[in-house]
Amino acid sequence: MKRDVAIDRQQATSDATFRVGPLVNISSVLRSLGHEPGPVLKHVGFSLKDFQDPDHRLSYLRASRLVAHCVEVTGCDHFGLLLGKYADPSMLGVAGFLVRVASDAQRALQSLVENLNLHEDSGFVQLNIGAKYTSVGYSIQVPGVSAVEQINDLALTVLYKILRALCGESWVATRVMLERREPKDLSTYRHFFQTALHFNSTENSIAFPSHYLQKKPLTADALLYKYLQQEADMLHALAHHEIMDDLPAALNRILSQLIRQVYSMARDGYWPEVFKRVNPKTKKPAPLLLALVLLICLTGLVNHLTLAR
């Protein structure tokens, strides 16, 4: 039974993908560190072509293993930060373009929170607005990811560049919180972030004075923002329809797994024996199926009555 749960968890996370945008310069970073990218990428099952189109989607888990391999090969403990320095916010696709043309910094950051899932479905941006200080951060939401420290470094570096572009060259962060362990060489981090760094933190975030949220970017364009938001809405709707199309198959997988687990527990004596009885014709555990159907119907009825109040 433990093996079945592990398989389901692996299947759930293996579907997480992202647009390759922030990694299109991975070959350049490898070359800058003295390594030809071809053999490094091939070792993890990738080719140079996989990183040429920013809109190409890759497996998040496979890409994280590639980043881990790059760190191992190069010995560079700030590989993720270098990737972020090479990345442009527009490499986030529609989400990045909306940031560039938003009316002010607050709208830009809120737009990033709302639309990052169009770029990736494996992490999310958090925005916490306070009276004096605001923080924006990134969190990975799927387990089993390799090179977590490097991916967080990449994300925070891109967020820092976004904030600098929105708020102007005079903008300075109040502090940067990093979950990662403190690197042996702090000079690269100090030179890039130019503020107080807190390693071994409980979050990955950048804090700054809240008055910068009212800053209007030089690239603000109301009409272009409206057009891009319409594009984003259509992409969200398309993703919703794809999820709904896959829903019956997903529910069937969940129900099948639940039946196997309960049947196994009944067979091992943890549930009543009636749940392990099998219909001689269908070869299915009929009492168990009936109980699950009744449970689903009862749950639906309770939800209906709750909403009706």
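Which residue just after H8 takes a positive phi? I looked this up first, and it is Gly168, with a phi of about 95 degrees. A reminder to myself: this is a predicted model.

**Helix H8**

I then checked the helix itself, which covers residues 148-167. At 1.5 Å a residue, its 20 residues should span 28 Å, and I found the end C-alpha atoms 28 Å apart, so the two agree. Next I asked how well H8 is covered: 16 of its 20 residues are buried, so I noted it as mostly covered, buried being under 20% relative accessible area.

**Aromatic pairs**

How many aromatic pairs does the structure hold? I got 8. One of them joins Phe46 and Phe51, and I logged this pair as edge-to-face, with 5.5 Å centre to centre and 65 degrees between the planes. Both Phe46 and Phe51 are buried. Phe46 has a further contact that I enjoyed finding: the charged end of Arg62 sits over the Phe46 ring, 4.2 Å from its centre.

Back to H8 by way of another pair. The ring centres of Tyr160 and Phe192 lie 5.1 Å apart with the planes at 50 degrees, so I entered this pair as tilted. It links distant parts of the chain, since Tyr160 belongs to helix H8 and Phe192 to helix H9 (residues 187-193), 32 residues apart.

Are these two buried or exposed? Tyr160 has 4% relative accessibility, so it counts as buried. Phe192, at 14%, counts as buried too.

Last entry for today: I followed the ring pairs outward and reached a cluster made of Tyr160, Trp171, Phe192, Phe193 and Phe208.

Technical notes: Residues numbered from 1 in each chain as written. Predicted model: local features only at pLDDT ≥ 70, side-chain atom pairs only at ≥ 80, totals over all residues. Heavy atoms only, no water. Helix = DSSP H or I, 4+ residues; strand = E, 2+ residues; numbered from the N terminus. Expected span 1.5 Å × (residues − 1). Buried < 20%, exposed > 50% of the residue type's maximum accessible area, 1.4 Å probe, protein only. Phe/Tyr/Trp six-rings, centres within 6.5 Å; stacked < 30°, edge-to-face > 60°. Lys NZ or Arg CZ within 6 Å of the ring centre and 35° of its normal.
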